[in-house]
Amino acid sequence: MKEWLKKHDTLYFMLTNKRFVGGMIFILSMVTLAILGPWLAKIELRWYLENGVKEALDPTANIGIPYSPPSSQHWLGTNSFGQDVFLQLVYGLRSSLLIGIIGGGLATFIGLVVGFVSGYSGGMIDELLMMLTNIMLVIPTMAVLIIIAAYLPYRGVMIESVIIGFTGWPWTARAVRSETLSLKSRGFVHLARISAVKPMRIIFGEIAPNMLSYVFMVFILQFGGSILAAVGLDFIGLGPTRGTSLGLMLQQAVLWNAIQLGMWWWIIPPGAIITALVAALYTVNTGLDEAFNPKLREM
Amino acid sequence: MDILKVDDLKVYYKTLRGSVKAIDGVTFTIRKGEVLGIAGESGCGKSTLVNFFVLPKEPMYHAGGSVILEDKDITKLSKDELRKIRYEKISIIPQYSMDALSPTKKIRVIIRDIMREHGRHVDYRLVEERLEMVNLSKRVLDMYPVELSGGMRQRATMVVSTLLNPKILIADEITSALDVSTQKFVIEMLMGFMEKKIVDSMVFITHDLSILYQIATRVMILYAGKVVEIGPMEEVIKRPVHPYTKALLYSLPEMNVRFKEKRLEGIPGHPPHLLNPPRGCRFHDRCPIAKNRCEEEEPPMIKVGEDHYVYCWEVKA
Amino acid sequence: MGRYLSKKITIYVLTFFIAVTLDWAIPRFMPGNPISILVSRFSALPNARKVLTSYFTQSFGLDKPILVQYLNFWKAFFHGDLGISVYLYPKPVIDIIKESLPYDIALLLPSITLSWIFGNWLGALAAKNRILDKTLIPVLYVFTAMPYFWFAIIIAWILGVVVPIFPISGAYSYSMTPELSWTFFLDFLYHWFLPFLTLFTVMLGGWAIGMRNMIIYEIEANYSRYLESLGSSDKLILRYAFRNAVLPQVTGLALQLGTIVAGALTTEMVFSYPGIGYLLLQGILHQDYFLIQGCFLFIVLSVLAANFLVDLIYVIIDPRVRYSYTEGA
């Protein structure tokens with residue numbers, strides 16, 4: 001009964017938390033935009049399609065008049081090559097979200113396993129894993145990403161997500177380890193231990209459920225972190241070699257003097273959408289923190 | 001002579017589903033020169049009572065009754081007036097006394113800062129004297145709390161808490177984490193504070209009646225936010241009247257087991273939820289001698305001996 | 001204390017070792033064999049023989065056993081030989097890096113320290129002021145969510161194009177040559193301002209939010225409750241909380257350095273500011289692998305050194321660290 005009320009409580013606080021709800025609504029609308037994007041682009045670029053320009057829906061096709069500001073024909077204008085900015089934005093958003101899910105998910109998973117094993121087993125394994133984690137923490141991730149990406153002749157969104165995932169886990173591992181240690185020292189795990197319950201049962205039966213909310217929050221942060229890392233990598237010129245991405249759009253914009261030419265429709269939307277998305281993720285995270293942590297709740 | 005008079009005090013917690021009535025109409029006094037013990041299971045209202053005196057904070061609120069300290073009702077005082085009373089009149093050695101001092105400040109600085117908050121200068125001769133009383137050298141002053149052992153930190157906290165010679169000192173579960181010989185030592189030090197008139201009266205809170213027996217002059221037993229029995233220590237231990245007190249004493253052999261972890265032996269069931277406490281006597285569903293009346297009406301206060309009162313229907317005066 | 005230091009030093013030595021090894025291994029084990037491409041590019045250049053006798057290029061000698069290659073790489077590294085740039089041929093990479101170093105220091109040192117100090121101060125203010133907390137913190141959240149380079153782009157556009165007050169490219173005017181004079185210094189400062197402002201602003205949010213959250217956590221700590229129980233004012237409690245909260249922020253500084261440096265790289269790219277970041281961009285655009293590798297090593301080693309410095313400072317200022325390692329086992 002008490003457990004049920006507690007769960008009920010958290011859910012209640014989650015759903016009444018303005019930050020959580022607001023952030024979530026924004027994220028979901030971005031996801032919707034990414035999903036419905038190509039379909040919306042059909043409406044946007046109907047003129048081209050009606051006139052038989054078949055490649056109009058390819059974001060890298062130079063279909064329009066270069067340097068045109070937003071209009072009914074090009075909702076967000078065109079860039080220096082005559083490519084449609086809205087179309088690029090939609091596809092860029094898709095790859096950003098994908099990288100967030102895969103990269104963030106991978107980083108969360110690795111961090112979780114390393115931190116968990118480290119905190120749970122202790123001793124030599126703990127020492128070694130933490131050594132590895134600390135080493136990964138000091139090496140600037142971006143530098144490693146740069147050097148790996150620089151030597152990869154063909155890069156796709158998948159590969160980018162994977163390298164981001166494999167370099168982004170250390171702080172999660174550290175946090176999960178200390179969380180595991182604190183849970184381990186609590187009564188119920190000890191009780192399970194002395195009554196000779198198998199380690200796996202303890203981990204999945206006792207510790208994991210208590211960490212679920214925590215893991216969810218970690219994933220949200222990793223999700224945002226991966227998006228930012230990928231955008232940075234793209235901007236340096238080490239993003240996907242084919243297709244488009246938000247970072248790539250901005251790199252092109254800078255290289256082709258969009259700033260000096262005042263092409264605000266090319267430089268503002270890609271960055272604004274990333275910023276808003278990541279800010280929404282952080283907001284959801286604080287909202288969840290308030291919901292899960294009674295001390296932060298406002299009565 | 002009464003230093004503090006608590007009359008029908010009600011302290012509730014605001015929650016989503018209504019008020020939790022953690023202290024619900026408690027009446028008692030603290031007399032000059034006595035050690036009043038307060039005992040009960042966890043959740044009986046002990047901590048709420050303590051926090052109401054030293055740290056009244058949301059979501060806790062005062063729902064009725066009065067607390068008279070030196071002719072003033074402190075429940076009616078402003079935040080700033082209350083701030084002055086704390087430490088100078090009512091001080092506390094908290095449950096977490098082993099880590100009550102900020103780890104990154106030297107003890108000397110902590111003492112200086114707290115004293116300054118009450119407009120006092122530090123008399124280091126006095127501080128050293130007090131440190132000596134609890135077996136700490138004056139070198140401790142220039143150390144960081146992290147350099148001291150848990151026990152040393154607790155003793156340093158005891159000195160800090162009593163520097164202004166408070167009228168009432170609350171010792172909140174300070175012996176729970178200690179082994180038996182250390183418990184004895186701490187109690188001796190507290191008695192020393194009483195003898196030297198550093199503190200006038202003391203409130204000693206614990207779930208462990210055997211410790212209370214060593215130090216308290218009177219004892220008050222709480223159950224589910226209400227007083228069930230109050231009387232001279234000696235008499236309550238030797239001749240408990242309320243069935244709950246009897247059960248509590250019956251569980252004594254396992255004195256170091258926390259009630260949180262182990263339910264009361266001898267009486268099945270849990271203490272009631274304080275969101276919607278049952279009518280009548282709050283102990284009725286666990287009570288071996290409960291009658292119909294106990295479920296309907298609140299029990300009256302019955303005088304069962306000199307200075308000895310019990311709240312029960314089934315007890316004769 | 002000795003235990004703490006020896007543990008830290010072990011980590012740093014290992015990290016250093018791994019970083020250099022990575023720098024050696026990555027081009028070697030990548031698909032497409034970038035090394036043979038690189039070496040072939042060199043043989044197409046004039047004076048190829050001279051270049052190929054460089055220690056560094058020798059260490060790539062693919063005909064030798066892998067272990068020898070590895071040892072040669074280390075040898076070259078300790079001789080300060082990071083190879084020769086293709087893009088700025090025939091300049092040695094180490095010299096190119098040395099030239100851009102002052103610009104990085106001039107940009108990073110003030111922006112990191114000032115944003116750290118100011119950010120922590122803002123965070124502490126927000127923690128005790130409800131109105132500030134409700135208004136300022138959301139804005140700061142937006143700052144931390146921004147890619148550095150995008151903010152750089154926006155600042156450059158607003159203050160360089162819409163209202164053209166500041167130059168948006170280079171470290172000094174095209175007509176100037178670096179010299180020790182007031183006119184050059186002022187010109188340098190004029191060009192320095194926007195990149196500095198970008199880095200300062202974007203970093204600010206992270207520090208302020210971190211500080212605010214730490215203080216709110218510390219206010220719940222036992223020592224804060226004790227102070228309050230003894231009738232202390234909120235002011236004193238906050239002062240104590242600040243003291244305890246600012247120390248983890250020092251560690252935060254160390255942990256964030258990698259991210260900050262990465263952010264600085266992209267910012268330099270936007271402003272064509274001739275630091276390591278700009279150099280790296282050139283290296284990538286021109287596929288100048290020695291330059292990329294050199295930049296990587298340099299970035300990793302400086303972040304490592306800075307981290308070590310922060311760790312040393314930490315031992316001095318935090319009694320908890322000092323004693324947990326002297327007393328503990």
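Me: Which residue of β12(B) stands opposite B:Glu229?

Reply: Good place to start, and please keep in mind that this is a predicted model. Strand β12 (residues 308–311) of chain B pairs with β10(B) in the antiparallel sense, over two bridges. Opposite B:Glu229 in β12(B) stands B:Val310.

Me: How many of the seven residues of β10(B) are buried?

Reply: A residue counts as buried once 20 or more other C-beta atoms lie within 10 Å of its own. By that test β10(B) is largely enclosed by the rest of the structure, because the buried residues among its seven number six.

Me: Which residue of β10(B) is the bridge partner of B:Leu222?

Reply: Look at strand β9 (residues 218–223) of chain B, which runs antiparallel to β10 (residues 226–232) and is joined to it by six bridges. B:Val219 faces B:Gly231 of β10(B). For B:Leu222, the bridge partner in β10(B) is B:Val227.

Me: Which residue takes a positive phi in the hairpin of β9(B) and β10(B)?

Reply: This hairpin has two residues between its strands. The positive phi is near 50°, and the residue that takes it is B:Ala224.

Me: Which strands stand at the edges of the open sheet with β9(B) and β10(B) in it?

Reply: The sheet has eight strands with mixed pairing, in the order β6-β7-β8-β3-β9-β10-β12-β11 of chain B. An edge strand has a single partner, so one of its sides is left without a neighbour in the sheet. That description fits β6 (90–93) and β11 (301–305) of chain B.

Me: About what angle does the direction of helix α9 of chain B make with that of β9(B)?

Reply: Within the eight-stranded sheet, neighbouring strands are turned by 20° against each other on average, direction ignored. Helix α9 (residues 243–250) of chain B packs on this sheet and touches β9 and β10 of chain B. Its direction and that of β9(B) make an angle of about 100°.

Me: Which strands stand at the edges of the open sheet of four strands in chain B?

Reply: The order here is β2-β1-β4-β5, with antiparallel pairing. Inside it, eight bridges join β1 (residues 2–15) to β4 (residues 60–69) of chain B, and B:Leu4 stands opposite B:Leu69 in β4(B). A strand with a single partner has one side without a neighbour in the sheet, so the edges belong to β2 (18–31) and β5 (72–73) of chain B.

Me: Which helix of chain C do the buried residues of α2(B) pack against?

Reply: In helix α2 (residues 79–88) of chain B, the residues B:Ile85, B:Arg86 and B:Tyr87 are buried. The buried residues of α2(B) pack against α1, β4 and β6 of chain B. From chain C, they also meet α10 (222–229).

Me: How many charged residues are on the side of chain A that touches chain C?

Reply: The contact takes 40 residues from chain A and 45 residues from chain C. On the chain A side, α5 (123–138), α6 (141–151), α10 (199–236), α11 (246–255) and α12 (264–292) each supply at least two residues. By class, that side has 30 nonpolar and nine polar residues, and its charged residues number one.

Me: Is the crossing of α6(A) and α7(A) left-handed or right-handed?

Reply: The axes of α6(A) and helix α7 (residues 157–167) of chain A come within 10 Å and cross at roughly 145°. Residues A:Thr141, A:Val144, A:Leu145, A:Ile148 and A:Ala149 of α6(A) meet A:Ile163, A:Ile164 and A:Thr167 of α7(A). This contact has six nonpolar, two polar and no charged residues. The handedness of the crossing is right-handed.

Me: Is A:Pro240 buried or exposed?

Reply: A:Pro240 sits in the loop between α10 and α11 of chain A. Beyond four places in sequence, its contacts are A:Ser95, A:Arg155, A:Gly156, A:Val157, A:Glu160 and A:Ser245. Because A:Pro240 has 21 C-beta neighbours inside 10 Å, it counts as buried.

Me: Which helix of chain C gives the most to the largest nonpolar core?

Reply: The largest nonpolar core has 242 residues, and those with the most contacts inside it include A:Leu145, B:Ile170 and C:Cys295. The helix that gives the most to this core supplies 15 residues and is α11 (residues 234–270) of chain C.

Technical notes:
Residues are numbered from 1 along each chain as its sequence is written. Chains are lettered from A and ligands numbered from 1 in the order in which they are written. This is a predicted model: local features need pLDDT of at least 70, side-chain atom pairs count only at pLDDT 80 or more; totals for chains, interfaces and linings use all residues. A nonpolar core is a set of buried Ala, Val, Leu, Ile, Met, Phe, Trp, Tyr and Cys residues joined through C-beta atoms within 7 Å. A residue is buried if 20 or more other C-beta atoms lie within 10 Å of its own, exposed if 12 or fewer, and partly exposed in between; C-beta atoms are placed from the backbone. Two strands pair if DSSP finds at least two bridges between them. Axes are lines fitted to C-alpha atoms, for helices over the stretch in contact, and angles run from 0 to 180 degrees between N-to-C directions. Two residues are in contact if their C-beta atoms, placed from the backbone, lie within 7 Å. Ala, Val, Leu, Ile, Met, Phe, Trp, Tyr, Cys and Pro count as nonpolar, Asp, Glu, Lys and Arg as charged, and the others, Gly among them, as polar. A crossing is left-handed if the near helix is turned anticlockwise from the far one by less than a right angle, and right-handed if clockwise.
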